[in-house]
Amino acid sequence: FVLKADTDTMVCWTTLLASIDAAIARFGSPHRMYLGRFETCSPVRRDASYRNYDPAFMRDVLFDEKAVCYPPYMLGFGYVLSRDLVRMLAREADTAAVYLNEDVMVGAWLL
């Protein structure tokens, strides 16, 4: 597993590991895990002065200026990716587009 955490995050390892163990027990496998605070319909911000405004993401991923929500992604202090997902992303790294908001970007990569 890999934890992507913000630089100002203090990790409680026992709680994090217990959460991972619980997810493995619930889903029966340590594979294809993307764990964190799930955002399902973050409103698309079209204001160019917004710090995460990214016209390339809107063009490449949303395909249309009329999209209401960003695709689902994890946000907050951090999230966890299983080894198989990290390896998949690493294989695609040379061709994956890079966008401003890394949380939204990883969620889009995993679609």
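This report walks through the fold of the protein shown above, from its overall make-up to its sheet and helices.

**Overall picture**

Please keep in mind that the structure is a predicted model. The protein contains four helices and three strands, and these follow one another along the sequence in the pattern β-α-β-α-β-α-α. If you trace the C-alpha atoms, the protein spans about 40 × 30 × 25 Å along its principal axes. Of its 111 residues, 32% are buried. The accessible surface amounts to about 7,500 Å², and carbon and sulfur atoms contribute 57% of that.

Charges are worth a glance too. There are 12 positive and 14 negative side chains, with the centres of the two sets 4 Å apart.

How much of the contact pattern comes from residues 24 or more positions apart? Among contacts with a separation of 6 or more, such pairs account for 72%.

**The sheet**

The three strands build an open, antiparallel sheet in the order β1-β3-β2. The edges are formed by β1 (2-5) and β2 (34-39), each of which pairs on one side only. On average, neighbouring strands of this sheet are turned by 20° against each other, direction ignored.

Six bridges join β2 to β3 (residues 73-81), again in the antiparallel sense. If you would like a landmark for this pairing, look at Phe38, whose bridge partner in β3 is Met74.

**Helices against the sheet**

Two helices can be described by how they run relative to β3. The table sets them out.

| Helix | Residues | Strands involved | Angle to β3 |
|---|---|---|---|
| α3 | 83-91 | touches β1, β2 and β3 | about 100° |
| α4 | 102-109 | lies across β1, β2 and β3 | about 45° |

So much for directions; α4 also deserves a look at its surroundings. Why can α4 be called largely enclosed by the rest of the structure? Six of its eight residues are buried, so the rest of the structure encloses most of this helix. Here, buried means under 20% relative accessible area. You can pick these residues out in the viewer as Asp103, Val104, Met105, Val106, Gly107 and Ala108.

What do the buried residues of α4 pack against? Their partners are the strands β1, β2 and β3, together with helix α2 (55-62).

**Putting it together**

To recap, the sheet has β3 between β1 and β2. Helix α3 packs on this sheet, and α4 lies across its three strands, with six of the eight α4 residues buried.

Definitions and conventions
Residues numbered from 1 in each chain as written. Predicted model: local features only at pLDDT ≥ 70, side-chain atom pairs only at ≥ 80, totals over all residues. Heavy atoms only, no water. Pairing = 2+ DSSP bridges. Helix = DSSP H or I, 4+ residues; strand = E, 2+ residues; numbered from the N terminus. Axes fitted to C-alpha atoms, helices over the stretch in contact; angles between N-to-C directions. Contact = heavy atoms within 4.5 Å. Buried < 20%, exposed > 50% of the residue type's maximum accessible area, 1.4 Å probe, protein only. Areas by Shrake-Rupley, 256 points an atom, 1.4 Å probe, with all protein chains shown as cover. Lys, Arg positive; Asp, Glu negative; His and termini not counted. Charge placed at Lys NZ, Arg CZ, Asp CG, Glu CD.
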